[in-house]
Amino acid sequence: MCQDVVGTGQTQPQISSARVVRDIKQLSALPTATGQLARLAYARARKAKIELAPLLKGAGLTDQQVEDQDFRIAVRSQIKFLDAVANALQDPLLGFHLAQSADLRELGLLYYVAASSETLDEALQRAARYSSTANEGLSLKYRAGPDISIELGYVGVARHLDRQQIECFITVLLRVCRQLTGLRLVPNRLRLVHRRNSERSEFDAYFGGNVEFSASVDELSFARKTKDLVVVSADRYLNRLLVASCEEALSRRPASRGPFRSTVENAIVPLLPHGKANAPEIAKRLGLSQRTAARWLSSEGLTFSQVLDALRGDLARQYLADQDLSISRIAWLVGYQEVSAFTHAFKRWTGKTPREARLQQAQTRC
């Protein structure tokens, strides 16, 4: 028997059921992080005398886990906790602010292997290669072309759930580049997938302008000449030892890819406004047959239509909090051509119309 591979027009040998089960188990492994960002948020909230117990419980964490520096925290839990602390502190830019005050040495081995590299080009290549040892939910791609860029992808975690972690990470990345070169580097551009409007002035000031939200990718880029800048703390002998340690740490990391649902959600989001978020197209973009994609979702007790519907609901509630977005614009962003169809779906998700929900949000803030 043969299995068709979407987008190739060719056939491949049928994958054994044992291999499918094995792959699904790998996809179900939850990505973890060292948890330093969650610990920074924890310390900030405790200093502000915020009651931490309900915030921790909502994120599936305990005081003991956060206080244990050796405990690796699930990336999804870290994202939830950061969001909860940001809301409690009424600081919508919590991740961005934490990144500016953190001691970069708390990044551990990842920081030191970059700081001992000879050039910024070498430092960024190594940061990209070893980033998963610090956070398995983030995948960095470093490219040197007309400019140099670092693209951030999410692995096993739904990108649409996060703002704080990605803003912290991208800010730390710029801080590292500045510290390593001893220069106040200004990126060519910063692109972030999520939306921001009223708070973006701080980003423009810190990153030197050219900040784009609602982008198609998370990316930080610099002029090409930046790659040859010398790292002021370079130490080739120390770097050789640290690279060996990083390679060993990388080899010990499990193949954590998280729920397949997250992979599907991350593929759906950019296609929603264009009306292309359908099962055949998503399977094609993931390099799978539609049947295989359906089987992997089924192993998690899901169908494509359930994932799509729940994702639309999550995004609609997020977008509704942005007062600059009209109801018709939100309908388009979540893939509805008609506002009436969106209103019907929103009432099914929440029991309220979008306008009723927005009014309730406004009254709550007051």
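A residue counts as buried when its relative accessible area is under 20%. The model on screen is predicted, and the tour below goes through it one selection at a time.

**Stop 1: the cysteines**

Select C168. At 6% relative accessibility, C168 falls under the cut-off and is therefore buried. Now add C177, which is buried too, with a relative accessible area of 1%. Display the two sulfur atoms. The closest cysteine sulfur to that of C168 belongs to C177, and it is 15 Å away, too far for a bond. Looking back from C177, the nearest cysteine sulfur is that of C168, at 15 Å, and C177 is in no disulfide. The count of disulfides for the structure is 0.

**Stop 2: the open sheet**

Next, select the strands β5, β6, β9, β7 and β8. In that order they make up an open sheet of 5 strands, and the pairing is mixed. Go to the edges, where β5 (138-144) and β8 (211-212) stand; each has a single partner strand, so one side of each is left without a neighbour in the sheet.

Then narrow the selection to β7 (residues 189-191) and β9 (residues 218-223). These two strands run antiparallel and are joined by 3 bridges. To look at one pair of residues, pick L190 and L220: L220, in β9, is the bridge partner of L190.

**Stop 3: D121**

Move to helix α8, residues 120-130, and select D121 within it. Which residues does D121 touch, leaving aside its neighbours within four places in sequence? They are Y142 and K227. Show both side chains alongside D121.

D121 is buried yet has no salt bridge. The nearest side chain of opposite charge is that of K227, 4.3 Å away. A salt bridge calls for a side-chain nitrogen of Lys or Arg within 4 Å of a carboxyl oxygen of Asp or Glu, so the 4.3 Å separation from K227 does not qualify.

**Stop 4: T350**

Finally, select helix α17 (residues 339-350) and find T350 in it. Is T350 buried or exposed? T350 is partly exposed, with a relative accessible area of 29%.

Show the side chain of T350 and the backbone of K352. A polar atom of the T350 side chain lies 3.1 Å from the backbone nitrogen of K352.

To end, add S298 to the selection and draw a C-alpha to C-alpha distance from T350. The two residues are 26 Å apart in space, and 52 residues separate them in sequence.

Note on methods:
Residues numbered from 1 in each chain as written. Predicted model: local features only at pLDDT ≥ 70, side-chain atom pairs only at ≥ 80, totals over all residues. Heavy atoms only, no water. Helix = DSSP H or I, 4+ residues; strand = E, 2+ residues; numbered from the N terminus. Buried < 20%, exposed > 50% of the residue type's maximum accessible area, 1.4 Å probe, protein only. Lys, Arg positive; Asp, Glu negative; His and termini not counted. Contact = heavy atoms within 4.5 Å. Polar contact = N/O pair within 3.5 Å; in protein donor to acceptor, adjacent residues only side chain to side chain. Pairing = 2+ DSSP bridges. Disulfide = S-S within 2.5 Å.
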